[in-house]
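Reader: Please take one part of this structure and go through it closely. I would like to know what it packs against and how it is placed relative to its neighbours.

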Amino acid sequence: MVCRFCGSMVYLSDKDFKAYKNTRDEMLSKDRFTNDELANEGDVLHLWNNSSIVRFKTDKGTSIDFESFYSVILSDKETYIGDERIAIVFSDPSVATRFASILTKIAYPSADIKELSRFLPNIIYKSALDDGRYLLLISKMENAYPLFLFDNLKATTVAWIISRFENMGCLLEFNDMDFADFVIENAYINPKTHELYILDGWEDVSFTPNRNYLKDIRKISLDIMDKATAPKLCMEFLNGAPKDNAYDDFGAWDNVIMNGFEGHKFHKFNQ
């Protein structure tokens, strides 16, 4: 078995692979909670405080009341962020169709141990609205927060965010896809489990040889990081040009982790 994410090769029987996956999942589960209280689920950063109700009316006459804590309002799209759902309203219904359609075309490597589909949008409801717009409702974890809420993060925290970005970059590479323009509003992070979700912006994804995503995640990472806390290798990576493909870029970043951050270590959020 050749891992498309790091290039390493290993030979496993089906039985051995299943045992390896179970053992690895148990180790990850234990490691990720080493510095946190297992029972402390939900709103771990207490950021779901002030909300407002946004009412949507479907073309069938149904009213949907959505509790929104944060929003991103653009000329052609409105995104309302709840604690466990995201509502995306597209001015052009065909763009909503494009968003949903590209997700169905994503293939996953046979050795997808991370189960990357968990970090992409799960559309739980869709409907035309009475004003001609189109609504998508997407589910999410309560402790998954929009990345744009954070800045001045310590480099050790941004490091795992970059690692997750790189994982998703490998998935895009595997599918020969790219974002036309990847922006911070597309990303959500779980500070408890060190997971990252890309829950918006999929209408801008297409099959292409371009690799804008690798460039864009560097800019986002620089924007949210306290650069004074970053090792030299980290800054060189973020200020440098991406590799030609996501697999090589992942390898380059892993070198930064091993030699700039002294290996893979679990740090509490922003500590």
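**A helix and its neighbours**

Author: In the protein chain, 68% of the contacts with a separation of 6 or more are between residues 24 or more positions apart. The model is a predicted one. The chain has 6 helices and 12 strands, and buried residues make up 46% of its 271 residues.

The part chosen here is helix H5, which spans residues 232–239. Its buried residues are Cys234, Met235, Phe237 and Leu238. These four lie on the same side of H5, because the arc they cover around the axis is only 160°. The face turned away from that buried side carries Lys232 and Asn239, which are exposed.

What do the buried residues of H5 pack against? They pack against three helices: H3 (155–174), H4 (212–224) and H6 (246–260). The contacts with H6 and H4 are described in turn below.

Two packed helices are described by the angle between their axes and the distance between the axes. For H5 and H6, the axes come within 8 Å and cross at roughly 160°. An angle over 145 degrees counts as roughly antiparallel, and H5 and H6 are therefore roughly antiparallel to each other. The crossing in which H5 passes H6 is left-handed. On the H5 side, the contact is made by Leu233, Cys234 and Phe237. On the H6 side, Asp249, Ala252, Trp253, Val256, Asn259 and Gly260 take part. Sorted by class, the residues of this contact are 6 nonpolar, 2 polar and 1 charged. Cys234 and Phe237, named here in the contact with H6, are also among the buried residues of H5.

The packing of H4 and H5 has an angle of about 135°, and the two axes are 9 Å apart. H4 and H5 are therefore oblique to each other. H4 contributes Arg218, Ser221 and Leu222, which meet Met235, Phe237, Leu238 and Asn239 of H5. By class, the contact of H4 with H5 divides into 4 nonpolar, 2 polar and 1 charged residues.

Read along H5, the two contacts can be put together residue by residue. Phe237 is in the contact with H6 and also meets H4. Leu233 and Cys234 are listed for the contact with H6, while Met235 and Leu238 are listed for the contact with H4. Asn239 is exposed, on the face turned away from the buried side, and is among the H5 residues that meet H4.

Methods
Residues are numbered from 1 along each chain as its sequence is written. This is a predicted model: local features need pLDDT of at least 70, side-chain atom pairs count only at pLDDT 80 or more; totals for chains, interfaces and linings use all residues. Side-chain values use heavy atoms; hydrogens and water are left out. Buried means under 20% relative accessible area, exposed over 50%, partly exposed in between (1.4 Å probe, protein chains only). The arc is that of the directions from the helix axis to the C-beta atoms. Contact means heavy atoms within 4.5 Å. Axes are lines fitted to C-alpha atoms, for helices over the stretch in contact, and angles run from 0 to 180 degrees between N-to-C directions. Angles under 35 degrees count as roughly parallel, over 145 as roughly antiparallel, 65 to 115 as roughly perpendicular and the rest as oblique. A crossing is left-handed if the near helix is turned anticlockwise from the far one by less than a right angle, and right-handed if clockwise. Ala, Val, Leu, Ile, Met, Phe, Trp, Tyr, Cys and Pro count as nonpolar, Asp, Glu, Lys and Arg as charged, and the others, Gly among them, as polar.
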